[in-house]
Amino acid sequence: MSELPPREQPPRDQAISVAAISPERPDNHENDWTRRLVLFLRVMAVLSVVKGLYHWAQITGFVGGEDDAFEVQTMAWQTATIYFAVIELVAAVGLWLATPWGAVVWLTTVVSMAVIELMFPTIYGGSLLVVLGEALLLAAYLALAWMAARERPP
């Protein structure tokens, strides 16, 4: 049996391959804002899962008493609750994956909740605290997205 000659491999750039596995890579802070943005998106994903599951708990009757049952609520409350039960969980998936559509869906939930609280106070009670919280989250997202975009050249 004859042995085949060993394949010749193209020369590698040793500096790149060693630096890729070296634990002592220099920390150049090039993507700090992008990392912070992704961390923020992941935290918002967890929050969206909690909110979405809470809305599902309202629908299924796991929270609240007989007076708060889904069936006895107004049609507007039922519609808004179903909307948020679905869209919050969809947003959570997109946020966790840090996809552009996830951020868009999450922004839709934030704006929707603020609009419902401000324009339709009879649905969820019109809490200005909820609107303020949503506005702060929106401002934090916009600031982080802007700083992350600044650290990447066009």
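This is a short tour of the structure, with a selection to make at each stop.

**The whole chain**

Begin with the protein chain in cartoon view, keeping in mind that this is a predicted model. The chain contains 6 helices and 0 strands, and when it is read along the sequence the pattern is α-α-α-α-α-α. Of its 154 residues, 28% count as buried. Among the contacts with a separation of 6 or more, 64% are between residues 24 or more positions apart. If you switch on the surface, the chain exposes about 11,000 Å², of which carbon and sulfur atoms supply 67%.

**The nonpolar core**

Next, select L37, F40, L95, W106 and Y141, which touch the most other members within the 24 residues of the largest nonpolar core. Two or more residues of this core come from each of α2 (32-60), α3, α4 and α6 (128-150), and α3 contributes the most, with 7 residues. In soluble globular proteins, nonpolar side chains tend to be buried together. Now centre the view on W106 and display what surrounds it: leaving aside residues up to four places away in sequence, W106 touches F40, M44, S48, A91, L95, L137, L138 and Y141.

**The salt bridges**

A search of the whole structure finds 3 salt bridges. Select K51 and E88 to see one of them, in which the side chains meet at 3.3 Å, N to O. This pair links distant parts of the chain, since K51 belongs to helix α2 and E88 to helix α3, 37 residues apart. E88 counts as buried because its relative accessibility is 0%, under the 20% cut-off.

Keep K51 selected and add E134, with which K51 forms a salt bridge whose closest N and O atoms are 3.4 Å apart. Here too the pair links distant parts of the chain, with K51 in helix α2 and E134 in helix α6, 83 residues apart. E134 counts as buried, at 8% relative accessibility. Seen together, K51, E88 and E134 are linked in a network of salt bridges.

For another salt bridge, select D32 and R35, whose side chains meet at 2.8 Å, N to O. Both residues lie in helix α2, 3 residues apart, which is about one turn of the helix. D32 is buried, with a relative accessible area of 18%, whereas R35 is partly exposed, with 48%.

**The aromatic rings**

The structure as a whole holds 6 aromatic pairs. Select Y83 and F84 to inspect one that is edge-to-face, with 5.0 Å centre to centre and 75° between the planes. F84 counts as buried, at 0% relative accessibility, while Y83 counts as partly exposed, at 32%. Extend the selection to F70, W77 and Y124, because ring pairs link these residues with Y83 and F84 into a cluster.

Two arginines are worth displaying with their rings. R36 lies over the face of W33, at 4.5 Å from the ring centre, and R42 lies over the face of W96, at 4.6 Å from the ring centre.

**A last stop in a loop**

Finally, select A98, in the loop between α3 (75-96) and α4 (100-119). A98 has a positive phi of about 55°, although it is not a glycine. At 32% relative accessibility, A98 counts as partly exposed.

Technical notes: Residues are numbered from 1 along each chain as its sequence is written. This is a predicted model: local features need pLDDT of at least 70, side-chain atom pairs count only at pLDDT 80 or more; totals for chains, interfaces and linings use all residues. Side-chain values use heavy atoms; hydrogens and water are left out. Helices (H or I, at least four residues) and strands (E, at least two) are DSSP runs, numbered from the N terminus. Buried means under 20% relative accessible area, exposed over 50%, partly exposed in between (1.4 Å probe, protein chains only). A nonpolar core is a set of buried Ala, Val, Leu, Ile, Met, Phe, Trp, Tyr and Cys residues joined through side-chain atoms within 4.5 Å. Contact means heavy atoms within 4.5 Å. Accessible areas come from the Shrake-Rupley method with a 1.4 Å probe; for residues, only the protein chains shown count as cover. Rings of Phe, Tyr and Trp (its six-membered ring) pair if their centres lie within 6.5 Å; planes under 30 degrees apart count as stacked, over 60 as edge-to-face and the rest as tilted. A charge sits over a ring if NZ of Lys or CZ of Arg is within 6 Å of the ring centre and within 35 degrees of the ring normal. A salt bridge is a side-chain nitrogen of Lys or Arg within 4 Å of a carboxyl oxygen of Asp or Glu.
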